[in-house]
Structures are given as C-alpha cells and as structure tokens.
Amino acid sequence: MIKQNSYYLISLGCAKNTVDSHSMSALLDLAGYHPATSVENAEILIVNTCGFIHPAREESFEVLTELSKSKQQDQILIAGGCLTQRFPGLVAQRIPNVDGIFGTRRWMDIIDVLSTIKNRNDTTPYRHTSASEYVGTDEKGIIRTAIQGGSAYLKIADGCRRNCAFCAIPLIKGTTVSRPVEDILRDATALQNYGIKELILIAQDTTDYGFDLGIKDGLANLLGKILHSVPNIPWVRILYNYPGYVTDALIDVMANNAQVLPYFDLPLQHADPNILKKMNRPSNIDWVYKTIEKLRNAIPDLAIRTTFITGFPGETETEFLSLLKFVEELQFDHVGVFPYSFEKGTPAEALGDPVPENVKLDRVERLMAAQEKISYAKNQTLVGKEMGILIEGNGDGISVGRTYRDAPEIDGLVILDKEAPVGDLVRGVITSAMVHDLTARLLS
Ligand code: SF4
C-alpha cells in the first residue's frame with residue numbers, strides 16, 4: 001500500500017551523484033517526507049541518473065523504464081541528474097510516464113519540483129532544468145556529503161573547466177564552481193561530530209579547487225584548513241587530481257600531515273603524447289615521471305591509482321604499446337582501464353569512432369593483464385604487515401574493510417577473520433594477498 005509523503009530514491013553513477021542524492025534525501029526529510037522501504041509503497045519515486053557514457057545512460061533508462069512500467073496511479077516518478085541535464089527531451093520521449101525532470105545542478109529544488117507536480121493538472125512531464133542558476137552554496141543548510149559506514153564523500157566543487165576531448169561532463173555540468181571554504185569546513189566539522197573516520201574530498205578536478213574564487217594553490221590551502229578543523233578524522237583522502245596541476249604545496253601538505261592518506265589518484269587516460277594531445281589533455285609525459293618520483297620520495301608507502309582509455313579515435317598499436325610500456329615502468333598500485341565511448345557533442349565527436357570495439361576490448365585486457373601482475377606483486381609485499389583497516393561490513397563471523405591503499409568502490413578489499421563493527425578503524429595483520437584483495441587477522 002502506498003504511504004503518503006514517502007519517497008524511494010535510486011542513485012546511479014559516481015560518488016558525486018551519491019553526494020547529491022544524500023543531500024536530496026536530507027532536504028526531503030527536513031520537509032516532512034520519509035523514506036519508503038520499497039518501490040511499491042512509496043508515493044514518490046526519484047531516480048538520480050547518470051549520463052556520462054553510453055552504458056551508464058542505458059542503465060539509467062532501464063531503471064526509469066522499469067519504474068515507469070510498474071508505476072501505480074498515485075505514484076509520482078521524477079528523473080534528475082546528469083542524463084536529464086543532457087537529454088531532457090529524450091527522457092520525456094522514452095519515459096512517457098515520468099512526471100518531473102530536473103537537471104544535475106538543481107537537486108536542491110526537489111521540494112519545489114514536487115509541490116509544482118502535485119499542484120498542476122497538466123499530464124505532460126514538468127521540466128525543471130537550469131544549470132546557470134546554480135549558486136554553489138547550500139541554500140537550505142544541507143550538508144553536501146554522502147555517508148557510507150565510516151566514510152563520507154565531501155564535494156568541494158562541481159563542474160569542470162577542462163576540455164578533455166572524450167568527456168561530456170563540461171556539457172552536462174558546466175564549468176567549475178568551487179564551494180566557499182567556510183561551507184566546506186562547516187560540513188567537515190559536522191562529519192567529524194558525526195564520528196566519520198574517513199573524509200574523501202571529491203570534485204571533477206580537485207586540483208582546480210579555488211581557481212574560480214581567485215585562490216592560489218586552492219587545494220593545498222583548503223586541505224590545510226580542513227586538517228586544522230577536523231583533527232579527529234584520522235583518514236582524509238583526495239580523489240581526482242588532474243595531471244599537470246599537482247603543485248609542490250599540495251605534495252608538502254600531504255607529506256607533512258599524517259591525517260592525509262598516502263594515496264594519490266591521478267587519472268592519466270593515456271601515456272602517448274600524440275594521443276594525449278588529441279584528447280586535449282596535458283601531454284608532457286616527463287612531468288608525469290618527475291611528479292610521480294617526487295610524490296614517491298616525499299610520501300613513504302604511497303599508493304597511486306590511475307585510469308586509462310583504450311581505443312581513442314586513431315590510437316595505433318604502436319601508441320597502445322607505448323601506454324603498455326609506461327604502465328610496466330611506472331608500477332602503479334591500482335589501474336582502471338575503460339574502452340573509449342563515443343559521445344555526441346564532445347570535442348572528439350568529429351574524430352568518429354574508428355577503432356573497432358574488439359580492438360578496444362583486447363587492449364583493455366592486455367593492459368589489465370600487465371597491471372594485474374604488478375598489483376599482485378605489490379599486494380604480496382603487504383603479507384605480514386600490520387595495517388589500519390576501516391570496516392565496511394560484517395556477518396557470518398567475518399568482516400570486510402579497506403586499508404588506506406584502497407578507495408571505496410574502486411579499489412580492493414580486506415577480508416578479516418572476525419566480525420568488527422561497521423565504521424570502526426581496527427588493526428589487522430595481512431595474512432594473504434590476491435590481485436586486488438587481501439585477507440587479514442584482526443588484532444584485538
Ligand atoms: S578533467 Fe577532463 S575528464 Fe575530468 S571531468 Fe573535466 S573534462 Fe572530463
């Protein structure tokens with residue numbers, strides 16, 4: 001049976017979307033709505049969609065189609081997020097049963113969207129999209145975070161002013177808008193009071209933080225202030241650093257503060273200068289070698305994560321082999337590899353999609369096979385070491401957690417031999433290692 005004023009919110013896509021979904025839930029709860037236990041008994045169904053690449057869009061459409069088919073007469077179906085920001089007309093066309101549509105930067109208008117839908121007689125979908133109205137603050141005092149167990153993502157900026165040829169994010173989200181320092185510090189302090197053990201700073205490009213506010217070395221500056229404000233959060237992790245913009249000041253703050261995890265996420269996308277130029281990305285590979293050396297010298301036991309794209313338009317076998325050699329040389333700790341996804345409207349649209357799908361996937365496999373050997377060897381060196389492990393789940397006499405070397409959802413896990421409370425930061429001795437995951441003995 002449908003419960004009045006109840007909502008069921010499905011969040012798809014990346015951590016940045018999860019943050020928006022949690023903020024939307026907080027607004028709904030404040031306005032007197034309450035979460036439903038299932039789709040069937042919710043009055044309001046909300047899907048926070050992802051529109052980044054083709055498979056993500058299809059997943060969003062599948063979820064919306066399912067909900068649209070099962071939708072009962074008194075239910076309201078709302079689509080928000082990146083897919084609706086980019087293709088509002090297409091969503092209305094493919095999901096005729098949808099009642100409301102709003103874009104990714106209008107999540108904070110969810111209550112207004114709902115009351116408009118409830119008070120109108122029109123049966124066509126209500127569209128509420130306007131990226132330009134975003135003011136970058138939490139107008140209703142809502143913390144822009146997503147909390148999962150002992151970890152919380154904290155968004156420091158939204159949008160992106162880079163021009164990577166393959167990427168639709170600037171089209172969807174617009175240029176970078178940094179959040180004011182005081183808002184971020186207020187949220188970080190609230191999370192400390194909540195008992196969070198791991199604070200994860202995110203943005204499309206964290207190294208660009210503060211540029212639009214006229215702050216020099218914005219990320220290093222912000223990080224220093226955050227560390228000062230939240231001395232009781234033991235783990236602070238930074239994701240999505242853009243190559244070419246990692247400054248000495250940032251490395252210094254990381255190296256001189258035990259709270260900042262020795263973990264560095266540097267999505268490189270490729271290593272061949274020719275492909276990087278076509279991608280509109282920094283192509284100075286010398287900078288990458290030097291910066292990684294500098295990071296490793298300054299920060300002991302540093303874990304480095306990166307991502308690559310195979311099959312970018314025109315990528316030759318020779319260019320791919322130079323990427324493979326680079327991966328073998330640099331010995332990253334974690335590597336994600338994705339086949340190129342053709343996106344209309346991006347700067348790379350004019351290049352078409354000439355590399356056949358089977359070639360793209362073959363290159364993904366070859367790159368992953370090379371990296372798996374590296375990751376396995378690196379994980380083996382951890383056996384016998386005592387490490388801090390943040391517990392993410394437990395049951396049946398065991399626990400699952402992560403060390404500082406693993407970011408949530410994208411890296412590996414540690415399986416512990418005993419149950420420990422979710423959100424606790426425990427000590428364990430690593431007993432065995434696989435390519436991605438570890439096992440450990442819990443120390444009491
Ligand atoms: S840095 Fe490049 S890949 Fe990342 S969001 Fe911005 S345009 Fe996209």
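**Sheets, domains and ligand site**

Six strands make up an open sheet in the order β2-β1-β3-β4-β5-β6, and their pairing is parallel. The edges of this sheet are taken by β2 (34–35) and β6 (126–128). Each has a single partner strand, so one side of each is left without a neighbour in the sheet. The model described here is predicted.

At one end of the six-stranded order, β5 is followed by β6. Strand β5 covers residues 100–102. Three bridges join β5 to β6, and the two run parallel. One residue pair can be named within this pairing: I101 has R127, in β6, as its bridge partner.

A further open sheet contains three strands. Their order is β13-β14-β15, again with parallel pairing. The edge strands are β13 (263–265) and β15 (334–339), each of which pairs on one side only. From one strand to the next, the twist averages 15°. Strand β14 spans residues 303–310. Its pairing with β15 is parallel and extends over six bridges. Here, R305 has H334 of β15 as its bridge partner.

In general, strands of a sheet pair through backbone hydrogen bonds, in either a parallel or an antiparallel sense. Both sheets described above are of the parallel kind.

The protein chain is assigned three domains: domain 1 (3–133), domain 2 (145–380) and domain 3 (386–442). The centres of domain 1 and domain 3, taken over C-alpha atoms, are separated by 35 Å.

The ligand sits in the largest pocket. The residues surrounding the ligand are C160, R162, C164, F166, C167, I169, P170, Q204, Y242 and R281. By class, this shell has seven nonpolar residues, one polar residue and two charged residues. Among the residues around the ligand are the cysteines C160, C164 and C167. The arginines R162 and R281 also belong to the surrounding set, as do F166, I169, P170 and Y242. Q204 completes the list.

Notes
Residues numbered from 1 in each chain as written. Predicted model: local features only at pLDDT ≥ 70, side-chain atom pairs only at ≥ 80, totals over all residues. Heavy atoms only, no water. Near = heavy atom within 4 Å. 1 Å grid on protein atoms, 1.4 Å probe; cavity = no way out; pocket = protein on both sides within 12 Å on 5 of 7 lines; lining within 4 Å. Sits in = over half its atoms within 2 Å of the grid points. Nonpolar A, V, L, I, M, F, W, Y, C, P; charged D, E, K, R; others polar. Domains from an automatic or database assignment. Pairing = 2+ DSSP bridges. Helix = DSSP H or I, 4+ residues; strand = E, 2+ residues; numbered from the N terminus. Axes fitted to C-alpha atoms, helices over the stretch in contact; angles between N-to-C directions.
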